[in-house]
Structure formats: structure tokens, C-alpha cells
Amino acid sequence: MFVLDIISSILLIAGVFFGLSGAVGLFKFPDFFTRVHAASITDSIAAILIIGGLLLQTSFDLNTAKLLFILAFLMITSPTASHALAKSARHGGLLTLAEVKEEKEEKQQEQSH
Amino acid sequence: MAELIDLVLLAMLALTALRIIFLKDLFAIVMLFGIYSFLSALIFINLDAVDVAFTEASVGAGISTVLMLGTLALTGRKEKKSSRSSILPLFVVCVTGAALIYGTLDMPPFGHPDNPIHQHVAPRYIEESPKEVGLPNMVTSVLASYRGFDTFGETVVVFAAAIGVLSLLGIRRRKDKDAPESGLETHHVLHVVAKVIIPLVILFALYVQFHGDFGPGGGFQAGVIGAAAFILYALVFGLPKSFAVVSPKILQLMASFGVLLYASVGLYSMSKGGNFLDYNKLAADPLAGQHYGIIIIELGVGITVFAVMLSIFYAFASQAERSNIQ
Amino acid sequence: MTEIYAAICIAILVVMAIALVRASYAPTVYDRILGVNMFGTKTVLFIAVTGYLMGRPEFLDIAIVYALINFIGMVAVLRFFEYTAPVE
């Protein structure tokens, strides 16, 4: 059982590492759409690793089924929510960093003409 | 260890509350209220109060946020600047807070085993409940059997709230000809995923309803989760389709039916010779009678809460649709 | 094993605090929604790990509820946001 504990610990620590890197990415990235990338990708991988680490600790009973249900649910809904958010932002008129720079350059060109 | 987690959670709660006070954008405030409710439920979990955390999760973070957003769609998004100075309210709040803190100095220390609440009522319930009621979840046995009359009052209060909202706001239905674009029409991914998720949510609501005797759960939480499933349907597919699936008339009938079911259990036990809501008289064996009584009244509570939550959402959302068309 | 659980709990709390800061001070309103979404999913993981820390796996029911509520809350936010124009 000690081997299971070690593997569990490794999975849990890896999951938390990805979670922390996602949280740091929320602040470091320059543009909203890149921040969505950071948040949603690291959310998914952190969920898989942490719940995987907890799964190794249970014996095969109802709790295993509940953990698998949580994992399946998070896998289906978390990327969908991020996709819906990014699509909503795009519909709302938010521009990416590249497009903002393009607009600035166009305005500067118009002003200099 | 638990104290450390408590401290961190309470600190985050206080910081969120401070930020809410100083923000002027109501939409952001609603978001932060969602976080506030998440944090409160985490504090309840840390205090080992699982049923309360369940209810806080489903009602505070789910239904309240949806209803507040529905209100925001009708009113504006910015808080108006208040024209008076806030010195006097600040003084009143400080005096009241100081008086409350002074009042708590007399209370026994938190969690001490010699406290009065651990001496008389709690041990009696903990010792007698397995023999008299026989359910593993003692919270349900206290809520549904020992204090069944209070729970009946709560159900009637929820029903009265539905009556109030429906009589003040009403549910406006549009004719099908001029039904505007409703729901998230262009989000095709969301359509597909919602169709997969909604049956799972309803299944989970039924699990919570009937598993409430053995684990955290019960009628109230199950009703709220079931209503959340149908609210998801209404959000993604639009209100007209949602009216076709579950019409407001059915919801009114269901809300009254739940309360009547609860009351009829009480009347039936009176007709068998016992007091109102005395479950021992429901079957030949008192323990079996308790089990029957608890299951039936939890069903009544669940049906009423589901119908009321969905009706209130319909009332708010149909107002938003009506005002946004003009 | 309990020390590992405790360390994981603290680390998830740190992540939640960072997401909370992002939800409080955000350049656009969509960043706030992003912060709340991240807070919600990390709460689910926190509840699961805390349940194992305190030896009470019944908490997994609450974790399931939180995963549901997080999703439904996000959909509600986006739906009502498409009605009111963004005010920056």
C-alpha cells in the first residue's frame, strides 16, 4: 500500500503544480483570450490529476463511482463553459491583442496622411 | 490544521465583502456574491455541517445568482452615487457592532464540551434517535420527525413566497407569432452539452431526495437541484420551449400538491388516533411508521420547493424578455 | 498521508485566493467571470481533498453539487450578459 500512497502523492502534487501555474497565468498573460487558455487548460489537467490521485486511495465502492462522476462532469462542463465565455466575449466585441495593435497602426497611418 | 483553514477562509470572506462594498458595478457584485456563497459553504464544510453546506451550495451560489442576474437584466448595471454623507450610518453601525461583540463576551467558549447545548438536548437526540426513528442521518430525523411541525411551517413559507412573487410579477407569455429569439441560439456547443448534462442533473436530484435518509440531502436540496436542471434548459433553449416542457400551470399545481401532501400525512395520523404529524401511528410498527412518514413528507417538501423555485425563475425571466424586446 | 492532504489543501487555497484577487480587480468584466469560474472548479477539488483529509467521504456529494452549480451559474451569467450591453 505504500507504493499506492507514493503514486497518489505524486499525482496530487503534480495536479496542484498545474493549478498554481494556471493561477499565475491569470495575471501574467497580456490578453483576455490568452488568459482563458491558461485558466481552462490548467483547470482540466489539475482536475484529472487530483481526482486520479484521490481515486487510488479508495477501495472499490460508492466513493469511487462518485469521484468518477465528478471527473466526467468536470471534463464535460469546464471546457464548455470556457468556450461559451470566449464566444460571448467575441460577440461582445472584445478584440485580441493583435487586432488592437492593428487598429492603432491604422489610426496612426490615417493621422499621418 | 482545521483552524488554519478556517482562518484563511474567513479572511477571504472578509476581503470579498470589503470588495463588494466598494464596487459600483452591480454585475461584478453579483459575481463576487457567488464567490461569497462558495466560501460560506466551505466554512460550513470545515465545521462538519454537511447538510447546511449542501443547502448553501445549491441555494446561495446557484439560484440566488440566477435570480439576481434576472433582476439585473431589468434594472441598470451601475449603482447610483448616494448624495448624502455616510458618517452617521457608519457611526450607527459601529455602535451596534460594538454592542453585539460586548454581548458575545458572555457566551461560553466555542466548541467546548461543557457548553449547555451539549448537556441536555443534543445527547438526548443522539441517544434516542436510533431507537425511536432509526435513520443513519440524524439531521433528517430531527428535521423531519422531531421538529416536523417546523419543517411544515418552512414549506408553507416557501409556498407563500411563490404566491407573493406570482401575484406581484406574474408570468407573461407571448403569443407564438411574435416570439423573439430567446435563449443562447448561436451557442451550438452549449446546446449539445446541455442535452447531455440535464438528465444527469435530474438523476442527481432524485438521488439526493431519496438518499437524504442516509447521507446529506433531503427534500429541500433535491428540489433546488431539480429546479436548477430545468433552469439550465430554459437558459440554453429559450423560455417558450421551456414553457412547453413544464408549463406554469403545472408548477402551480405541483406547489400546492406538495404542501397538501405534507398536511395530509398529519391529518392521516390524526385520523388514526395520534397527534398531528405523529408518525408512530402510520403503520403497525412505530419504526416503520416513522420511515414512511419521513419519506412522504420529504417528497412533499421536494415537490413544493422544485415548483416554487422554477415559478420564481419563470416570473423573473419572462419580465426580462418582455422589457428587452422594447 | 494526512500531511500530504493538508499541504494540498493549503496549496488549493492559495490558488483560490489568487483567482479571488483576479475576480476583484479585473480589467474587463469577462476576466471577472473567468476568475469566478476558476474559483468554482478549484472549490470542487478542495472539497474532495478536504473530505479525505477529515476522513468523511460524504463530502463528495457536495462536490458534485458544486460542479453542477458552477456550470449553471456560468451559463446564467452569459445568458443575461448577452441582454445588457457591457458598461466599461
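**Notebook: chain contacts and domains in a predicted model**

I began with the domain assignment of chain B, which lists domain 1 (1-76) and domain 2 (137-326). I kept in mind throughout that this is a predicted model.

I then looked up how the two domains of chain B are placed, and I found the C-alpha centres of domain 1 and domain 2 of chain B to be 23 Å apart. Turning to the contacts, I noted that 14 residues of domain 1 of chain B are in contact with 19 residues of domain 2 of chain B. On the domain 1 side of this contact within chain B, I recorded 8 nonpolar residues, 5 polar and 1 charged.

Next I took chain B against chain C, where 45 residues of chain B are in contact with 37 residues of chain C. On the chain B side, I listed the helices that each supply at least two of the touching residues, namely α1 (2-22), α2 (26-46), α3 (50-72), α8 (188-211), α9 (219-237) and α12 (286-325). I wanted to know which helix gives the most to the side of chain B that touches chain C. The helix turned out to be α3(B), with 12 residues. I also sorted the chain B side of this contact by class, and wrote down 33 nonpolar, 9 polar and 3 charged residues.

I went on to chain C against chain A, and here I found 36 residues of chain C in contact with 36 residues of chain A. For the side of chain C that touches chain A, I noted α1 (2-24), α2 (29-53) and α3 (60-81) of chain C as helices that each supply at least two residues. The largest share of that side comes from α2(C), which I entered with 13 residues. By class, I counted 29 nonpolar, 3 polar and 4 charged residues on the side of chain C that touches chain A.

Finally I picked out a single residue, Leu34(C), which has its place in helix α2 of chain C. Is Leu34(C) buried or exposed? I entered Leu34(C) as buried because 28 other C-beta atoms lie within 10 Å, and the cut-off for that label is 20 or more. Leaving aside residues up to four places away in sequence, I found that Leu34(C) touches Arg35(A), Val36(A), Ala39(A) and Leu85(A). Within chain C, I looked up the C-alpha atoms of Leu34(C) and Ala23(C), which are separated by 7.5 Å although the two residues are 11 residues apart along the chain.

Methods:
Residues are numbered from 1 along each chain as its sequence is written. Chains are lettered from A and ligands numbered from 1 in the order in which they are written. This is a predicted model: local features need pLDDT of at least 70, side-chain atom pairs count only at pLDDT 80 or more; totals for chains, interfaces and linings use all residues. Two residues are in contact if their C-beta atoms, placed from the backbone, lie within 7 Å. Helices (H or I, at least four residues) and strands (E, at least two) are DSSP runs, numbered from the N terminus. Ala, Val, Leu, Ile, Met, Phe, Trp, Tyr, Cys and Pro count as nonpolar, Asp, Glu, Lys and Arg as charged, and the others, Gly among them, as polar. Domain bounds come from an automatic or database domain assignment. A residue is buried if 20 or more other C-beta atoms lie within 10 Å of its own, exposed if 12 or fewer, and partly exposed in between; C-beta atoms are placed from the backbone.
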